[in-house]
Amino acid sequence: MRKTPKILITGGLGFIFSYVTEYFVNKGWAVVVLDNESSGSHPEIINGSFKYYKINVSSPEVIDLIIEENPEYIIHAAAISDVDFSIKYSYETMVDNILGNINIFEACKQIPNFKKLIYISTDEVYGECEHPKKETEIIFPKNPYSCSKATGSLMRLAYDNSFKELRDKTAETRFCNVFGHRQDRRKIMPAIKDSLNGEYSIPLHNKGKGYREYIYVKNIPPVIDLILEKGDRTYNVTLNDGYTVEEIIEIAEKVTGKKCSTHPSHREGMDSKYQMDGTRLKEELGWKPLYSFEEGLKEYLCQEKK
Ligand SMILES: NC(=O)c1ccc[n+]([C@@H]2O[C@H](COP(=O)([O-])OP(=O)(O)OC[C@H]3O[C@@H](n4cnc5c(N)ncnc54)[C@H](O)[C@@H]3O)[C@@H](O)[C@H]2O)c1
C-alpha cells in the first residue's frame, strides 16, 4: 500500500500545469510529469521534486508507461495550445492532440490503482457564444485547435459510458482565458505586458473586438484539487470577467500608468466571443476563487516574480 497518492500530469511543464505540478508536489503527493518540452514548456522547474519523462503523449509507448507508473489520478493537459499555430500546422496539431487523447483514455482502462482522470478542455469548444454557454450545450469548435480539444470532450463521454473501469471516474474542465507569469509570449496578456514595457507592438486581431473571459493562473491548482475530490462531470471555469481586447488593453494601461502600442492584424475565422456560465462549479462543488481578476492582473502586470 502506498502512503501518498500518485498523480500523473501530462503537459505538467506548461504554463498552467507547471503551477499544478508544483501545487501537488507541495501537497506532498507523488507527482509524475509527462511532457515533450515543446512550445510553452518550462523545463527550468525540473528540480528532482517530481518524476519526469520527456515523451510525446501521442506516441503509443505512452500507454504502457502510464500503466507501469500506476497513478491514482491523471490530469491530461498536454496539447498544442496555440490557435494560430494550429491553423498553420493543422495536420501536426490534429495528430498530436487527438492521438494524445486516445492514448490517455486507453491507458486509464488498464491502470490498476486508477481513481480519476481530469481531461483539460477549453471554452473554445463552444465556438461562437451568443450567450453564456452551459456545460450541457452543444459544442461547435471552429478552428483546428478547438476541434482537437473537442475530440477529448467527446472521448471522455464515450469512455466513461462504455468502460466500467472509467465509469463515473472522469471529469473535464473548460477554462476561459488563463493568464499569469510563465505564459507563452504569443498570447494576449504577455503581449500586453511586453508592449507596456516598450518591447512589443500587439497584433490587434480583428480590430480588438474579440471578447474573452479571463482568470488568473493561481486560481487553477485549487480548482483541479477540488474536482479531483468531488467532480465527475464537465465544469466551466470562469468568473465571468469578460472584456474585448481593446478593453483589456485600456485596463492594463490604467493599472500600470503605461501605454501599449498596437498594429492591425487579421485572424481568419476567429470567434468573436467566448462566454460561459460558471454556475455549476460554484453551486455543485462550492468553488471560491483565491484571486479576483483585478488582484490577479495587478500581481501579473506589476510583479516580475512568479
Ligand atoms: N491558456 C489558456 O488560457 C487555456 C484556456 C483553456 C484551456 N487550456 C488548456 O490547458 C492546457 C494547458 O494550456 P497552457 O496554456 O498551459 O499551454 P502550454 O502550451 O503553455 O503548455 C502545454 C504543455 O504541454 C506540452 N505538450 C504539448 N504537446 C505535447 C505532447 N504531444 N506530448 C507531451 N507534451 C506536450 C508542452 O511542452 C507544454 O509544456 C491545454 O490543454 C489547453 O488546451 C488553456
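Select strands 7, 9 and 11 to begin: they form an open sheet of 3 strands in the order 7-9-11, with mixed pairing. Two strands count as paired if DSSP finds at least two bridges between them. Helices (H or I, at least four residues) and strands (E, at least two) are DSSP runs, numbered from the N terminus. The edge strands are strand 7 and strand 11 (242-244), each of which pairs on one side only. Neighbouring strands of this sheet are turned by 45° against each other on average, direction ignored. Angles run from 0 to 180 degrees between N-to-C directions, and axes are lines fitted to C-alpha atoms, for helices over the stretch in contact.

The model is a predicted one: local features need pLDDT of at least 70, side-chain atom pairs count only at pLDDT 80 or more, and totals for chains, interfaces and linings use all residues. Residues are numbered from 1 along each chain as its sequence is written.

Stay with strand 7 and add strand 9 (residues 211-216): the two run parallel and are joined by 3 bridges. Val178 has Ile215 in strand 9 as its bridge partner.

**The sheet of 7 strands**

Next, display the open sheet of 7 strands, whose order is 3-2-1-4-5-6-10 with parallel pairing. Strand 3 and strand 10 (234-237) stand at the edges, each with a single partner strand, so one side of each is left without a neighbour in the sheet. On average, neighbouring strands of this sheet are turned by 15° against each other, direction ignored. Add helix 5, which packs on the sheet and touches strand 5 and strand 6; its direction makes about 150° with that of strand 5. Contact between two residues requires their C-beta atoms, placed from the backbone, to lie within 7 Å.

Now centre the view on strand 4 (residues 73-76). Are its faces covered or open? Both are covered: Tyr73 and Ile75 on one side, and Ile74 and His76 on the other, are all buried. A residue is buried if 20 or more other C-beta atoms lie within 10 Å of its own, exposed if 12 or fewer, and partly exposed in between, with C-beta atoms placed from the backbone. In a regular strand the side chains alternate between the two faces of the sheet.

Select strand 1 (residues 6-10) beside strand 4: the two run parallel, joined by 4 bridges. The bridge partner of Thr10 in strand 4 is His76. Strand 4 also pairs with strand 5 (residues 116-122) in the parallel sense, over 4 bridges. Here Ile75 stands opposite Ile118 in strand 5.

Move along strand 5 to Thr122. This residue is buried, with 23 other C-beta atoms within 10 Å. Not counting residues up to four places away in sequence, Thr122 touches Ser146, Lys149, Arg174 and Phe175. Add Asn236 to the selection: its C-alpha atom is separated by 8.3 Å from that of Thr122, although the two are 114 residues apart along the chain.

**A helix pair**

Select helix 2 (residues 61-69) and helix 4 (residues 90-108), which pack at an angle of about 35° with their axes 9 Å apart. Their crossing is right-handed, the term for a near helix turned clockwise from the far one by less than a right angle. At the contact, Val62, Ile63, Ile66 and Ile67 in helix 2 meet Asn103, Glu106 and Ala107 in helix 4. These residues divide into 5 nonpolar, 1 polar and 1 charged. Ala, Val, Leu, Ile, Met, Phe, Trp, Tyr, Cys and Pro count as nonpolar, Asp, Glu, Lys and Arg as charged, and the others, Gly among them, as polar.

**Around the ligand**

Which of the 31 residues around the ligand come nearest? They are Gly11, Gly14, Phe15, Gly40 and Ser41; a residue is near a molecule if its C-beta atom, placed from the backbone, lies within 6 Å of it. Helix 1 (15-26), strand 2, helix 4, strand 5 and strand 7 (177-179) each supply at least two residues of the shell. Helix 1 gives the most, with 3 residues. By class, the shell has 13 nonpolar, 13 polar and 5 charged residues.

**Two loop residues**

Most residues other than glycine have a negative phi. Select Glu37, which has a positive phi of about 55° although it is not a glycine. Glu37 lies in the loop between strand 2 (30-35) and strand 3 (51-54), and is partly exposed, with 15 other C-beta atoms within 10 Å.

Finish at Asp168, in the loop between helix 5 (144-162) and strand 6 (170-175). Phi of Asp168 is also positive, near 60°. Asp168 is exposed, with 10 other C-beta atoms within 10 Å.
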